[in-house]
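Colleague: I am new to this one and would like to learn how to read it. Could you walk me through some features, please?

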Amino acid sequence: LVASITALMKIQKLQDKEPESTVDTILLYFSGFFLIVYSILEILVGTNASSQEEHISSGIQALNGIMSVLSTMAQMIFLNMLMTKGVFGQRDESKPGKSSSSGTNISEIYSGRQETAFLTLLNFSQWLIFTFELQKGMASRTEAEYFGEFTWVLIQRITLPLSVFFRFHSTVILIDAWKNNYKANEAQ
């Protein structure tokens, strides 16, 4: 959440460009919706603790769900903005760390590049967790007890594949943006 908000503020300095693909945006919002649904169900289970012993772990589960919803929304906004921003200047190779167009520091020109790389790694790690850990039956015993075994399996079979796709697609969008948005055009 913090990384997405920080990156969102930093990419405001980048220049606007025409969006390249609306398909990426549609896929991002569609799969993000199912990740938010999964997180809301996690909040629901966390807020309905039945006993005092479960109350602490349920509070953590609800907090995790809330943070997941907020970070997913912030990341969707960041990725949407990142697809419409970029660097369009010629670098002056004679002066390391400077740009010929404005004389500003490279870290200002490539604003948000480190945050984009960090979010790429974060999404890749989340993709691994969603792919290999969350689909195990023991990873969600509390939800299975709350919704019922069959119902929870059905909910997981609908929401988890699209949640996994959201993390993977976000990783691909971030890698593409990191590669294409932060290169100086030599033709100018």
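Colleague: Let me start with one residue: leaving aside its neighbours within four places in sequence, which residues is Trp152 in contact with?

Modeller: Happy to help, and please keep in mind that this is a predicted model. Once the neighbours within four places in sequence are set aside, Trp152 is in contact with Tyr38, Leu41, Ser140, Glu143, Ala144 and Phe147. Two of those names, Tyr38 and Phe147, come back in an aromatic cluster, where they join Tyr146 and Trp152.

Colleague: Let me step back to the whole chain. How many helices and strands are there?

Modeller: The chain has 7 helices and 2 strands. Read from the N terminus, the order of elements is α-β-α-α-β-α-α-α-α. Of the 188 residues, 39% count as buried. As for the outside, the chain exposes about 10,800 Å², and 64% of that comes from carbon and sulfur atoms.

Colleague: And what share of the contacts between residues at least 6 apart in sequence join residues at least 24 apart?

Modeller: That share is 83%. For a single example of two places along the chain, take Ala117 and Lys179: they are 62 residues apart in sequence, and their C-alpha atoms are separated by 10.0 Å. Ala117 sits in helix H5, and it counts as partly exposed because its relative accessibility is 29%.

Colleague: How should I read a nonpolar core, and which residues have the most contacts inside the largest one here?

Modeller: The general idea is that in soluble globular proteins nonpolar side chains tend to be buried together. In this model, the largest nonpolar core has 28 residues, and those with the most contacts inside it are Leu28, Phe78, Leu79, Leu82, Leu119, Trp152 and Leu174. At least two residues of this core come from each of helix H1 (2-10), helix H2 (22-47), H3, helix H5 (113-132) and helix H7 (149-180). H7 gives the most, with 8 residues.

Colleague: Now the rings. How many aromatic pairs are there, and how do I describe one?

Modeller: A pair of aromatic rings is described by the distance of the centres and the angle of the planes. The count here comes to 7 aromatic pairs. One of them is Phe30 with Phe34, which is edge-to-face, at 5.3 Å centre to centre and 70 degrees between the planes. Because these two are 4 residues apart in helix H2, about one helical turn separates them.

Colleague: Are Phe30 and Phe34 buried or partly exposed?

Modeller: One of each. Phe30 has a relative accessible area of 46%, so it is partly exposed. Phe34, with a relative accessible area of 16%, is buried. For another pair, look at Trp127 and Phe168, which are tilted: 5.7 Å centre to centre, with 45 degrees between the planes. This pair links distant parts of the chain, with Trp127 in helix H5 and Phe168 in helix H7, 41 residues apart. Phe168 counts as partly exposed because its relative accessibility is 40%.

Colleague: One last feature: which residues make the nonpolar surface patch of about 340 Å²?

Modeller: Leu63, Ile66, Met67 and Leu70 make that patch. Leu70 lies in helix H3, which covers residues 52-82.

Colleague: Why does Leu70 count as partly exposed?

Modeller: Leu70 counts as partly exposed because its relative accessibility is 40%, and partly exposed covers the range between under 20% for buried and over 50% for exposed.

Methods. Residues are numbered from 1 along each chain as its sequence is written. This is a predicted model: local features need pLDDT of at least 70, side-chain atom pairs count only at pLDDT 80 or more; totals for chains, interfaces and linings use all residues. Side-chain values use heavy atoms; hydrogens and water are left out. Patches are made of residues with over 30% relative accessible area and no salt bridge: like charges are joined within 9 Å, nonpolar side chains (Val, Leu, Ile, Met, Phe, Trp, Tyr) within 5 Å. Accessible areas come from the Shrake-Rupley method with a 1.4 Å probe; for residues, only the protein chains shown count as cover. A salt bridge is a side-chain nitrogen of Lys or Arg within 4 Å of a carboxyl oxygen of Asp or Glu. Buried means under 20% relative accessible area, exposed over 50%, partly exposed in between (1.4 Å probe, protein chains only). A nonpolar core is a set of buried Ala, Val, Leu, Ile, Met, Phe, Trp, Tyr and Cys residues joined through side-chain atoms within 4.5 Å. Contact means heavy atoms within 4.5 Å. Rings of Phe, Tyr and Trp (its six-membered ring) pair if their centres lie within 6.5 Å; planes under 30 degrees apart count as stacked, over 60 as edge-to-face and the rest as tilted.
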